[in-house]
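Me: I would like to go through the terms used for this model one by one, and hear what stands behind each of them.

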Amino acid sequence: MKLIRQEEVYRGRVITVRRDTVQLDGRERAWDVVAHPGAVVVLAVDGDELLFVRQYRYAAGEELLELVAGTCEPGEDPAATAERELQEEAGFRAERLTKLGEFYSAPGFCTEKLHLYVAEDLTPSRLPMDDDEQITLVRLSLDEALRMAVAGELRDAKTLAGVLLYARHRGR
């Protein structure tokens, strides 16, 4: 596949939509791409509990239970994003931040790569939340989170991936 040209269709606060023209099998084809700077997912561990945030997601049209997450600023190291988001959304700072992996949210049309971190040895430390966030902190055991994942009660893909990768990391 060879890129022939890119055309910006829309530029928003977080994403850019572009139409790429590529050559594939000797023919030109159009590809619509949502360009995103990348994000982090933070699975925060406080004793025997995992910290989740409950918030309304406009695009989904419902309130979802999710792991702490946020968009990387341009040029920002994902670990720094993870530290900032943990303080903004959950009100904690981590003594230990361990990267568990990275994955794409929707690789068929979006460039967003998610970096998954485990945050441990937490101490209270609050940064102001974004002004469009209304978040409730929820604490669950790993067993309860796994039960909810299997039961379809966790419906956010990054949260499902984070919980399952963490469970594997813990030998479960």
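Me: Why are helix 2 and helix 3 called oblique to each other?

Reply: In this predicted model, the axes of helix 2 (residues 142-150) and helix 3 (residues 157-169) cross at roughly 130 degrees and come within 10 Å. Angles of 65 to 115 degrees count as roughly perpendicular and those over 145 as roughly antiparallel, with the rest outside the roughly parallel range under 35 being oblique; helix 2 and helix 3 are therefore oblique. The handedness of their crossing is left-handed.

Me: What makes helix 2 and helix 3 meet, in terms of residues?

Reply: On the side of helix 2 the residues are Leu-142, Ala-145, Leu-146 and Ala-149, and they meet Leu-160, Val-163, Leu-164, Tyr-166 and Ala-167 of helix 3, where contact means heavy atoms within 4.5 Å. The residues of this contact divide into nine nonpolar, no polar and no charged, and the nonpolar class is one that includes Ala, Val, Leu and Tyr.

Me: How do you know which elements the protein chain holds, and in what pattern they follow?

Reply: The protein chain has three helices and 10 strands, and along the sequence they follow the pattern β-β-β-β-β-β-β-α-β-β-β-α-α.

Me: What share of the residues in the protein chain is called buried?

Reply: Of the 172 residues, 41% are buried, a word that stands for a relative accessible area under 20%. The protein chain exposes about 10100 Å², and carbon and sulfur atoms supply 47% of that area.

Terms used
Residues numbered from 1 in each chain as written. Predicted model: local features only at pLDDT ≥ 70, side-chain atom pairs only at ≥ 80, totals over all residues. Heavy atoms only, no water. Axes fitted to C-alpha atoms, helices over the stretch in contact; angles between N-to-C directions. Helix = DSSP H or I, 4+ residues; strand = E, 2+ residues; numbered from the N terminus. Left-handed = near helix turned anticlockwise from the far one by under 90°. Buried < 20%, exposed > 50% of the residue type's maximum accessible area, 1.4 Å probe, protein only. Areas by Shrake-Rupley, 256 points an atom, 1.4 Å probe, with all protein chains shown as cover.
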